[in-house]
Amino acid sequence: ISLRTTAPLTVSHTLSRAGRVVDGGTFEVIHNLAKFTAAYSPHNLTWTGACCHPVSGSLDVSYSGSVTGSASVTFNGCGQASLTKDGLSRDIVITYCE
């Protein structure tokens with residue numbers, strides 16, 4: 001897996017977790033073995049001091065290569081999100097944290 005930014009990410013309010021907001025920019029996750037790229041664009045991703053994951057906001061995702069199409073991830077609280085791709089939605093539980 002390779003990572004890169006293709007447009008500068010905008011981080012505002014604070015760099016520490018509590019109160020951090022990421023809005024704008026684009027970063028790519030390139031899956032070298034699976035031969036596809038996922039480009040993520042954040043929209044008002046917001047953190048709190050009590051959670052290591054975004055608690056609100058969303059990511060637009062655009063796929064290219066062996067996987068194509070688009071998706072969105074919406075954060076709905078600490079460790080809770082929903083994924084919508086190809087007209088289908090499912091809830092996601094995010095448990096890993098560093």
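These legends walk through close-up views of a predicted model.

In this predicted model, local features need pLDDT of at least 70 and side-chain atom pairs count only at pLDDT 80 or more, while totals for chains, interfaces and linings use all residues. Residues are numbered from 1 along each chain as its sequence is written, and side-chain values use heavy atoms, with hydrogens and water left out.

**View 1. Strands β6, β7 and β8 pair up through two hairpins.**
Strands here are DSSP runs of E with at least two residues, numbered from the N terminus, and two of them pair if DSSP finds at least two bridges between them. Take β6 (residues 51-65) and β7 (residues 69-75): they pair in the antiparallel sense over six bridges, and a hairpin of three residues joins them. If you want a landmark, look for Leu59, whose bridge partner in β7 is Val73. On to β8 (residues 80-85), which runs antiparallel to β7 with five bridges between them. Ser72 has Thr84 as its bridge partner in β8. The hairpin of β7 and β8 has four residues between the strands, and there Gly77 takes a positive phi near 125 degrees.

**View 2. Cys51 and Cys78 form a disulfide.**
A disulfide is counted when two cysteine sulfur atoms lie within 2.5 Å, and the structure holds two of them. In this one, the sulfur atoms of Cys51 and Cys78 are 2.1 Å apart. The link of Cys51 and Cys78 is right-handed, with 90 degrees about the S-S bond. Cys51 sits in strand β6 and Cys78 in the loop between β7 and β8, so the pair ties together parts that are 27 residues apart in sequence. As for accessibility, buried means under 20% relative accessible area, exposed means over 50%, and partly exposed is in between (1.4 Å probe, protein chains only). Cys51 is buried at 2%, whereas Cys78 is partly exposed at 47%.

**View 3. Cys52 and Cys97 form a disulfide too.**
Here the sulfur atoms are 1.5 Å apart. Cys52 lies in strand β6 and Cys97 in the segment after β9 (88-93), so this pair ties together parts that are 45 residues apart in sequence. Cys97 is partly exposed, with a relative accessible area of 39%. Count the bonded cysteines along the chain and the disulfides of the protein follow the pattern 1-3, 2-4.

**View 4. Glu28 and Arg4 meet in a salt bridge.**
The structure holds two salt bridges, each a side-chain nitrogen of Lys or Arg within 4 Å of a carboxyl oxygen of Asp or Glu. For Glu28 and Arg4, the closest N and O atoms are 2.8 Å apart. This pair links distant parts of the chain, with Glu28 in strand β4 and Arg4 in strand β1 (residues 2-7), 24 residues apart. Glu28 counts as buried at 14% relative accessibility, while Arg4 is partly exposed at 48%.

**View 5. Lys85 and Asp86 share a salt bridge.**
Their side chains meet at 2.9 Å, N to O. Asp86 is exposed, with a relative accessible area of 59%.

**View 6. Thr26 makes a polar contact with Ser41.**
You'll find Thr26 in strand β4 (residues 26-31), and with a relative accessible area of 16% Thr26 is buried. A polar contact of 3.4 Å joins the side chains of Thr26 and Ser41. The term covers N or O atom pairs within 3.5 Å; within protein, one must be able to donate a hydrogen and the other to accept it, and residues adjacent in sequence count only if both atoms are side-chain atoms. Contact in general means heavy atoms within 4.5 Å. Leaving aside neighbours within four places in sequence, Thr26 is in contact with residues including Thr5, Leu9 and Tyr40.

**View 7. The largest nonpolar core has 14 residues.**
Such a core is a set of buried Ala, Val, Leu, Ile, Met, Phe, Trp, Tyr and Cys residues joined through side-chain atoms within 4.5 Å. Those with the most contacts inside this core are Tyr40, Leu45, Leu59, Val61, Tyr63 and Phe75. The elements that give two or more residues to this core are β5 (36-48), β6 and β7, and the largest share, five residues, comes from β5. Leu45 is found in β5 and counts as buried at 6% relative accessibility. Beyond four places in sequence, the contacts of Leu45 include Val21, Pro54, Leu59 and Phe75. On the same basis, Leu59 is in contact with residues including Phe27, Tyr40, Leu45 and Val73.
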